[in-house]
Amino acid sequence: MSEYSSKGLRDFLQSHLSENLAAQGRNFPDDFGDTCDLLLSGLIDSLGLLELMTAIQEHCGREIDFDALDPEQMTIVGPLCDFVSDQMKTFQSDEKLLV
């Protein structure tokens, strides 16, 4: 499994959010899944969303064009992970074309 697959990115999100919640003295929810809305569930706030976007870009080692993602899907785990995974696949295939 690639760390940039949708599953790999979900694992990263879960780990990243777990660490942040633990630092706040909060527990990670049992119902974390593809339909979880990070903002509406209270796992992140608007500042947390910006921090998460930065963390994802650092994890991937490149800038992600989040403007291309439907804003209503940006805080939902499944669509967010699928989008970033697709962005990474496009980036990797573009790199191969340049070589």
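Me: Which helices each supply at least two residues of the lining of the largest pocket?

Reply: In this predicted model, α1 and α2 (46-60) each do so. Helices (H or I, at least four residues) are DSSP runs, numbered from the N terminus. Residues are numbered from 1 along each chain as its sequence is written, and side-chain values use heavy atoms, without hydrogens and water. Local features need pLDDT of at least 70 and side-chain atom pairs count only at pLDDT 80 or more, whereas totals for chains, interfaces and linings use all residues.

Me: How is a pocket recognised, and what volume does the largest pocket have?

Reply: Rolling a probe the size of a water molecule over the atoms shows where empty space is left. On a 1 Å grid over the protein atoms alone, a pocket is an open set of points where a 1.4 Å probe fits, with protein on both sides within 12 Å along at least five of seven lines; lining residues have an atom within 4 Å of a point. Grid points are joined across faces, edges and corners, and the volume is the space filled by probe spheres set on the points. Here the largest pocket has a volume of about 170 Å³. Of its 13 lining residues, the closest to the centre are Q24, L43, I44, G48 and E51. Helix α1 gives the most to this lining, with four residues.

Me: How do the residues of that lining divide by character?

Reply: Ala, Val, Leu, Ile, Met, Phe, Trp, Tyr, Cys and Pro count as nonpolar, Asp, Glu, Lys and Arg as charged, and the others, Gly among them, as polar. The lining has five nonpolar, five polar and three charged residues.

Me: Is H16 buried or exposed?

Reply: Buried means under 20% relative accessible area, with a 1.4 Å probe and protein chains only. H16 has 18% and is buried. It lies in helix α1 (residues 6-23). Contact means heavy atoms within 4.5 Å; leaving aside neighbours within four places in sequence, H16 is in contact with L52 and A55.

Me: How many disulfides does a search of the whole structure find?

Reply: A disulfide is a pair of cysteine sulfur atoms within 2.5 Å. The search finds zero. The sulfur nearest to that of C60 belongs to C81, 9.8 Å away. C60 is buried at 6% relative accessibility, and C81 is buried at 1%.

Me: Which residues does Q87 touch, not counting residues up to four places away in sequence?

Reply: Q87, found in helix α3 (residues 77-98), touches R62, I64 and D65.

Key
Buried means under 20% relative accessible area, exposed over 50%, partly exposed in between (1.4 Å probe, protein chains only).
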